[in-house]
Amino acid sequence: MHIPGKIVLGVAVLGGLIGVGIWLVPKWLPQGSLDGMLGFTQSKALVLTEIPQTRHADVEGTNGCDLRMLYPQIADDGSLLISSEAREKMNEAITKQVTEFFSTNTVSLDEAATAFVTSCQADLTEAMRWTDDATDDPYIALTNGWESEIGYDVKLNDGQYLSLGIANYLSTGGAHPNTTELFLTFDVVTGNIVTLRDVIPADQLMAFEVKEKQWLVDNMSDQLFEELTSEFMAFIAAPTQEQTDRYVDDAMVYLTSSDIVTFYNPYTIAPYTVGPIEVTIAR
């Protein structure tokens, strides 16, 4: 079939104009407007920079004081997908979370780290005054030294959410070391911290909590603190809004690409020997 030349020329010109229009639209629209209009979501993962810090202080006769930190900050990679305000807000929240492993006061991370090492030195020095031979020291657990090691794990980084786990392995001479993990999930567009209330509709929160507590009763009832098993069973049988709100507000969660995960550190709902507990529920 023969197509007249004028029609071919017209189609070519129209195609060219459409191409120029598509090229220009992102230039004219505010950042993010095109995604919203076309139903796209930002999919570029944020670039993270690792910040390492170490501190060591010697105390004669002991292993001394060791502090090692490795935590992320959001890098400025030159893209326009995230504002400087959102980046700064997220970086401040991450640094604050690391600081709170050492201090709940309003101090800088440097001040909190210094206070940790200073406390360690004072404690070990006092312990060493009790004996000339550390091997016979009844305070041997103290003289072995203090150690804190902070690390992190990226749970989700999909351009919409950044979900991080930040953990602190801490040994200060007790019967055993403790590892505490805390979580931060961000809306990367605003830089705001995301909670369970932000990812589950209000009218579904009670159902979510019932399902989560049901999993704990079905799978962990012989390991949970007895009083909590009874509490969870009573909630499942007759959930109340007041109890739901308490569980939701106390929940420690992180996101993956497909799931919402609730997390319990040792001692929270079960003895130390049980270890951390995670409950995974599909998003």
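Two cavities of 30 Å³ or more are found in this predicted model. The largest cavity holds about 60 Å³ of space. Eleven residues line the largest cavity, and those lying nearest its centre are Leu46, Val47, Asp77, Ser79 and Ile82. Sorted by class, this lining is made up of seven nonpolar, two polar and two charged residues.

The second largest cavity encloses about 30 Å³. Its lining can be listed in full: Thr185, Val194, Thr195, Val199, Val253, Tyr254 and Leu255. Five of these lining residues are nonpolar and two are polar, while none is charged. Strand E6, residues 253-255, is the element that gives the most to this lining, with three residues.

Strand E6 also leads from the cavity to a sheet, since the order E6-E7-E8 describes an open sheet of three strands with antiparallel pairing. E6 and strand E8 (277-282) stand at the edges with a single partner strand each, so one side of each has no neighbour in the sheet. From one strand to the next, the twist averages 25 degrees. As a reminder for anyone new to sheets, strands pair through backbone hydrogen bonds, in either a parallel or an antiparallel sense.

Within this sheet, strand E7 (residues 259-264) pairs with E8 in the antiparallel sense over six bridges. A handy place to look on the structure is Val261, whose bridge partner in E8 is Thr280. Helix H7, residues 205-220, lies across E7 and E8, and the helix runs at about 130 degrees to E8.

Methods
Residues numbered from 1 in each chain as written. Predicted model: local features only at pLDDT ≥ 70, side-chain atom pairs only at ≥ 80, totals over all residues. Heavy atoms only, no water. 1 Å grid on protein atoms, 1.4 Å probe; cavity = no way out; pocket = protein on both sides within 12 Å on 5 of 7 lines; lining within 4 Å. Points joined across faces, edges and corners; volume = space filled by probe spheres on them. Nonpolar A, V, L, I, M, F, W, Y, C, P; charged D, E, K, R; others polar. Helix = DSSP H or I, 4+ residues; strand = E, 2+ residues; numbered from the N terminus. Pairing = 2+ DSSP bridges. Axes fitted to C-alpha atoms, helices over the stretch in contact; angles between N-to-C directions. Contact = heavy atoms within 4.5 Å.
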